[in-house]
Amino acid sequence: MTSSPTQSAAPAAAGASFSKLPLSPATLATLEQLGYQTMTPIQAASLPIALAGQDLIAQAKTGSGKTAAFALALLSRLDARRFDVQALVLCPTRELAEQVTQEIRRLARAEENIKILTLCGGSPMRPQADSLAHGAHIAVGTPGRIMDHLERGTLHLDALNTLVLDEADRMLDMGFFDDIAYVASHCPKERQTLLFSATYPDGIARLSQQFLRKPREIKLEEQHDDSKIRQRFYEVDDSERLNAVGLLLNHFRPVSTLAFCNTKARCRDLVELLRAQGFEALALHGELEQRERDQVLVQFANRSCSVLVATDVAARGLDIAQLEAVINVDVTPDPEVYVHRIGRTGRADQDGWALSLASMNEMGRVGNIEQAVSAEMEWQPLSALAPASNERLLPPMVTLQILGGRKEKMRPGDILGALTGDAGYAKDQIGKINVMEMSTYVAVQRAIGREAVRKLNDGKVKGKRVKVRMLTE
Ligand code: ADP
Ligand code: MG
């Protein structure tokens, strides 16, 4: 990816070392331990401004490192001896709030005991209120739940220095404007406000006018390196559109594919068809319960689901690493959304496919996209697609669900220990391990899935019996 900052004064060069910034030696050491060798473009453009205490509006695509851009700023101003909330980060969903909390924890590792609380709906108020009463330095949460705490007087923001609006575009999509306004009205006027967003819809200007003071604006244009993302269009009739997705999957055989549909109904139809065709496909849409949503994301991220079918809103902000292909099942009317969708693949040094299905009456939209990305699209007929193998496309891993999670103080090492110890597996047969509130999910190679379930059920984890089942069927 090449990016060019506009309107930002004296940014550090992208790819520059963090050591150019006014950060403590401990923080620099942490960054080095984390393998953050150089700044990402958004970090290079925004950190000098954020560390100088100025308000900021920063727009950059998902996965560009925005969290560290604000986390380093708010951590630099934190007084660990003062047990008051000094920084508040508002996020649209619980899982994004948890991702942000984790990243701040990682970055704060070297500091003395910094307490960070995640405050989101879906968990009872009382334990959160108790934790707040014990004192916390940083709160990360969703606008609704933060508002609840302010209303009940369990959260006080008088000592706040930094307010962060993360994924501001998505918070607006979700109708959080008024809640954000309520929360902002409880923050001291003297504060720094940092707004981060992946896109720049009109509402952002309204947010900024109301809650930011003379903000500096940074916008990183998305330009993808063509050699990494290969874009291809297929002309389809509407009647063959959904079926064409399976043809693409069998032809390209990507391990992980994100398939975007414009509507929820289309998502449901597509998942149903793909499953009937023998693919491991899951849908991500707004109507899932939080636990179901967690399970879907865990399975996709740990490579035990081949295709995640999602609407743009549902997929916004997710930090999904390896993605071999993005399929645009419908052509989006907004070229910016197209660029955003395809930017999910071809990350880092990997190649990625951006495959789009378009019908005759979507050609106008395709034209707009071609203009926006200043490229002529490569077209291929559906008939060019032939299965690369007669075997079913199956994900390399399966997910096991273990009853017991954070509540039971389960740790990834406990599960890994059980699988590589008594059960006798090699480390590379085990994939990602996600410890959630009530359950732990572990990915293992497909071939050992059933046996691993049996061995775990028969054996012990941390000296205790556990209940395990196969989540992926
Ligand atoms: P965004 O909020 O822009 O979507 P994130 O903050 O979630 O992006 O960062 C995406 C990933 O990049 C995370 O896994 C994070 O740990 C990693 N990352 C962030 N900054 C750096 C850096 N300077 N060097 C290497 N990895 C980084
Ligand atoms: Mg983010």
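**Two open sheets and a ligand shell**

In this predicted model, four strands make up an open sheet, laid out in the order β17-β18-β16-β19 with antiparallel pairing. The edges belong to β17 (430–435) and β19 (468–470), each of which pairs on one side only. Going from one strand to the next, the twist averages 20°.

At the β17 edge, the neighbour is β18 (residues 439–445); four bridges join this antiparallel pair. One residue pair can be picked out here: Ile433 has Val442 of β18 as its bridge partner. The sheet also has a helix lying across it. Helix α17 (residues 449–458) lies across β16 (397–403), β18 and β19, and runs at about 170° to β19.

The model also has a sheet of seven strands, again open, but here the pairing is parallel. Its strand order reads β11-β12-β10-β13-β14-β9-β15. The edge strands are β11 (281–284) and β15 (379–380); each has a single partner strand, so one side of each has no neighbour in the sheet. For β11, four bridges link the strand to β12 (residues 307–310), and the two run parallel. Within that pairing, Ala281 is matched with Val307 of β12 as its bridge partner.

A helix lies across this sheet too. Helix α10 (residues 241–252) lies across five named strands: β9 (229–235), β10 (257–260), β12, β13 (325–328) and β14 (352–358). With respect to β14, helix α10 runs at about 155°.

Now for the ligand. Around ligand 1 there are 15 residues, and those that come nearest are Tyr36, Thr38, Gln43, Gly63 and Thr67. Sorted by character, the shell splits into two nonpolar, eight polar and five charged residues. Several side chains place an N or O atom opposite a ligand atom. For Tyr36, the distance from such a side-chain atom to an oxygen atom of ligand 1 is 2.4 Å. In the case of Gln43, the ligand atom is a nitrogen, 2.8 Å from an N or O atom of the side chain. Lys66 likewise has a side-chain N or O atom 3.0 Å from an oxygen atom of ligand 1.

As for cover, ligand 1 on its own has 570 Å² of accessible area, and the protein covers 78% of that. Two elements, α3 (66–76) and α4 (94–107), are the ones that give two or more residues to the shell around ligand 1.

Technical notes
Residues numbered from 1 in each chain as written. Chains lettered and ligands numbered in written order. Predicted model: local features only at pLDDT ≥ 70, side-chain atom pairs only at ≥ 80, totals over all residues. Heavy atoms only, no water. Near = heavy atom within 4 Å. Polar contact = N/O pair within 3.5 Å; in protein donor to acceptor, adjacent residues only side chain to side chain. Areas by Shrake-Rupley, 256 points an atom, 1.4 Å probe, with all protein chains shown as cover. Nonpolar A, V, L, I, M, F, W, Y, C, P; charged D, E, K, R; others polar. Pairing = 2+ DSSP bridges. Axes fitted to C-alpha atoms, helices over the stretch in contact; angles between N-to-C directions. Contact = heavy atoms within 4.5 Å.
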